[in-house]
Structures are given as C-alpha cells and as structure tokens.
Amino acid sequence: MKTFLDENFLLTNQTAVHLFHEYAKDLPIIDYHCHLSPKEIYENKQFNNITEAWLYGDHYKWRMMRANGVEENKVTGEASDYDRFVAWAGTLPMAIGNPLYHWSHMELRTFFGVNDLINEQNAPAIWEKVNAKLAEGGSRARDLITNSKVTVICTTDDPVDSLEYHIKIKEIKDFHTQVLPSYRPDKALEINRATFLPWIAQLEKAADITISSYDDLLAGLESRAEFFNSVGCKVSDHALDYVPFAVATKEEVEQIFKSALAGNAVSLEDEKKYKAFTLLFLGGVYKKLDWAMQYHINASRNNNGQAFAKLGPDTGFDSINDSLVASALTGLLSSLAVADSLPRTILYSLNARDNEILASLMGSFQGDGIPGKIQLGAAWWFNDTKDGMVSQMKSLGNFGLLGRFVGMLTDSRSFLSYTRHEYFRRILCNMFGEWVEAGEFPNDEQLLKQLVQGISYDNAKQYFGF
C-alpha cells in the first residue's frame, strides 16, 4: 500500500516516476489564465491567517461546505475566520474523490510544511502551525508566486480597467514575474444585461470618447485593446455561456445597438447578431495585435436566483451548461478565417461532452505555420479533476497534436493554487508512463523529455510569445 501523498503521488509506474522527477518537477510555471488581483500582487498582500489565504473568494470550497450542511454564515458570512476554517476542515474528509482533497493537502505541505491530515480534530493544530508560518514572513503574495517559480501571470481584466497595478508591478525591482493583463470584454457583449449601459458609460470615460453609435463602440474597444497591448497584454478572453452566431449586416447591428442604448430589450436572435458581429471585429483586432484569443464556453452561471440576489456572482452557484456548440462555433471561426482575421485561439468547454467536437473542429482551422495555432484548452473549472485532465488530453491526442498542447492553468483567485500545476504534471507523466510501459509509445528518452517539458512549460512560452 502506498503512503498518502508521498513523493510518487499519482505516479503508478517507473517511467512516470522518472519523467516527473527528472523533467517536470522543477520546471517554472506560466499561469496564462487566472483571476488573481494585480492590486494584491502589487501591495504584496499579507495573509493574517489560513482562512484569508484559503477561503476568501474560493467558491470551489464554498460549494463543498454548503453541500456538507455548513450554514452560510460560516461560508460567506460574518462568522470568525477560525470558525470558518474549522467548518472547512470538517468538510474536507467527506470530499473523497474530489481534487480539493488532494489540492488542500498539497498546499498545506508545499507552502507551509504542514503534513497533518485535514479534519476537524486536527484543525486547531493546523490553524496554529500555518498562522505561525504566516507571521514569520516569507508567505506574502509575491513570496508565494516567487517560491512557486512562476514566470508569467495573466490576470483577467475588463477593457475599462486602468491597469494601474500592472504598470506599478513593472517597477518593482526585486520581483521578476511578469504580471500581464488579459483583455476580457464580456460586458461589451452582454447587451441584455443590466450591466450593459453602465459599462458603456465606463468605456466612454476610459477611452475618452462619446459612444452614440456602434462604430463608436468598436472604436472604444479597439482603443482599449491598444492600451492593453502597450502594457504587455498578449491574451484576450471571452466567457461564452453559449456560442452566438447569426449572419447580419453592420447596418442591422447598428440598429440593434442603438435600440439597446435607448434602454430596450433585444431579442435572442438580435443578441446573437450583435455578439457575433462584435466577436468577429474583435478577432481581427486580436490578430493585428498578435494576441491569442480564448473562448470559455458552456458555463451556466448564477443558477440560484435567491443566492445571486444575496451574494452576487462568482459565489459558487454555477454549473455546466449543455448548449450545442459545433454549428455556431464553426460559423464564427470560418467567418474569421475568410476575413483573414483568425488569431491563435484556445477553445475550452465546461461540458466535457464537447471535447471531441472542439478537438476535431479545431483541426479545420490550423495553419499559418503556427504549431498548434488552435488549441483545445486545458480541463477547466469543473473539469480540472484527475479524470477530467486525462480525458481532455486523450481527446486532444486522439484528434490532434497532444505534443503541441500549451498545458495547465490555475483559473484561480488563490495564491496557493500553483500546486495544481504539479498535480497536472504528475497526471501527465503518469499517462505517458502508462503508454510507454504498455508498449503503446516508444521509450525514447529525448522525445519524452521534449513532450513533458513542452506541455508543462515550453509550449506556452512559445505560443504566447512571453
């Protein structure tokens, strides 16, 4: 029987052990999609206790706590940080099979040197040990990044953001991680949401223009993209809960936009026309700027109306959507290709059912001499489990070039999430080891080294141009 979380955790064969310890373990990290706060990075946030570091803003954990019967006061409410931590520690033993069980123990060990099993009985001791470590110094936000050997962080930023903290971070002489913005114009596309008109006013201020026409909107979006580019941005991002596509003329979209500016609701068909036309414009902007474009597809957000009214978005009430993707996504990508406006693109779906659809579809749009120009995105959110990661990589391997995959990301708001890269690398090496030892892939040392290091780090560095 293996010991829990030993040095060969998740490595079930000798080839995997060799690949991980020789070629993957000590590689640096590129975190090309996350939700860390650039303000907290700049201010080098000090965590007063483990709850601040672990539970503030982590809706992954909040969902598990609610499922375990923890009252909301100890999840997002006014309970003490100690009581909230004890509630989480009492929840985790029930999470057998959930990656949070592994991640939480890995984070304790990696960042704080605490090897205790997390449970309600051990909670007081863990609380004291970790808080003592935090009080010593050396575990502030930038310390955690540097100690994890993170070379690049791409945050997630609205086009109206001033990027003041990204700019200030560049001036920190003893911090060498690049912290770059990512351009995420979701509010520009969500024409039917209550956030739309207030956001237009924000864009007017940020871009220093008056927006009274659709052309004005496009000019504002492009202006902000150019500003993001000047600060080092190399990645855009879109949350497409469904993939919108409908053919429309610019004149039609102008009328749709003006109707929305007047405060009118827009039909679903007109919403699709507006979103598709705007996405096609933005794709051209991204290609001109030599950015990579990310589509995060098929999330169902803010499902619980009562909870949304009380707590707002990103509080743990989201799930997997089941909208169809193939036809609309083909329309978007083909239209971009026809206009010679298709940038490097990463396609993610929260619904693992779509992996093979995306992996086959993207093969129709490769080219331009760019290795892996169109990517099947890493197993994301509800899919970043052991099974989900293996499934995603096998789908890519079955239909495309797994060796060109740009690898893992954290998609996290937590500075402790970098152990997810180790988790992924262990799973990657184990999968390769299984194939080698089954005689399904040659035991070619140099090729295996190239593949492991490429997927773990090198491919992302080359793909994004960091």
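**Exercise 1. Lysine 61**

Decide whether lysine 61 is buried or exposed in this predicted model, and find what surrounds its side chain.

*Solution.* Start with the accessibility. Lysine 61 has a relative accessibility of 2%, and the cut-off for buried is under 20%. Lysine 61 therefore counts as buried.

Next, place the residue: lysine 61 belongs to helix α4.

Now look for a polar partner. A polar atom of the lysine 61 side chain lies 3.4 Å from the backbone oxygen of tryptophan 54.

Finally, list the neighbours. Once residues within four places in sequence are set aside, lysine 61 is in contact with Trp54, Leu55, Trp88, Leu100, Ser104 and Glu107.

**Exercise 2. How α4 meets α5**

Work out how α4 and α5 are oriented to each other, and which residues form their contact.

*Solution.* Two numbers are needed here, since packed helices are described by the angle and the distance between their axes. For α4 and α5, the axes come within 9 Å and cross at roughly 75°. Angles from 65 to 115 degrees count as roughly perpendicular, so α4 is roughly perpendicular to α5.

Then turn to the side chains. On the α4 side are Lys61, Trp62, Met64 and Met65, and they meet Arg84, Ala87, Trp88 and Thr91 of α5. Sorted by class, this contact has 5 nonpolar, 1 polar and 2 charged residues.

**Exercise 3. The surroundings of α5**

How many residues of helix α5 are buried, and which elements do they pack against?

*Solution.* Helix α5 spans residues 81-91, and 8 of its 11 residues are buried, which leaves the helix mostly covered. Go through them by name: Asp81, Arg84, Phe85, Val86, Ala87, Trp88, Ala89 and Thr91.

For the second part, follow their contacts outward. These buried residues pack against α3 (50-54), α4 (59-67), α6 (99-112) and α7 (123-135).

As a final step, look at the loop between α4 and α5, where glutamate 71 is found. Glutamate 71 has 42% relative accessibility and so counts as partly exposed.

**Exercise 4. A second helix pair**

Describe the packing of α18 and α19: orientation, handedness and residues.

*Solution.* Begin with the geometry. Helix α18 (residues 386-399) packs on helix α19 (residues 419-437) at an angle of about 55°, and the axes are 10 Å apart. The two helices are therefore oblique to each other, and their crossing is right-handed.

Next come the residues. From α18, Lys386, Met389, Val390, Met393 and Lys394 take part, meeting Tyr423, Phe424, Ile427, Leu428, Met431 and Trp435 of α19. By class, the residues of this contact are 9 nonpolar, no polar and 2 charged.

**Exercise 5. Two positive phi values**

Where do lysine 149 and tryptophan 381 lie, and is each buried or partly exposed?

*Solution.* Recall the background: most residues other than glycine have a negative phi. Lysine 149 has a positive phi, near 60°, and tryptophan 381 also has a positive phi near 60°.

Take the locations in turn. Lysine 149 sits in the loop between α8 (141-147) and β2 (150-154), while tryptophan 381 is in the loop between β10 (374-376) and α18.

Then compare accessibility with the cut-offs. Lysine 149 has a relative accessible area of 38%, so it is partly exposed. Tryptophan 381, at 9% relative accessibility, counts as buried.

Methods. Residues numbered from 1 in each chain as written. Predicted model: local features only at pLDDT ≥ 70, side-chain atom pairs only at ≥ 80, totals over all residues. Heavy atoms only, no water. Buried < 20%, exposed > 50% of the residue type's maximum accessible area, 1.4 Å probe, protein only. Helix = DSSP H or I, 4+ residues; strand = E, 2+ residues; numbered from the N terminus. Contact = heavy atoms within 4.5 Å. Axes fitted to C-alpha atoms, helices over the stretch in contact; angles between N-to-C directions. Parallel < 35°, antiparallel > 145°, perpendicular 65-115°, else oblique. Left-handed = near helix turned anticlockwise from the far one by under 90°. Nonpolar A, V, L, I, M, F, W, Y, C, P; charged D, E, K, R; others polar. Polar contact = N/O pair within 3.5 Å; in protein donor to acceptor, adjacent residues only side chain to side chain.
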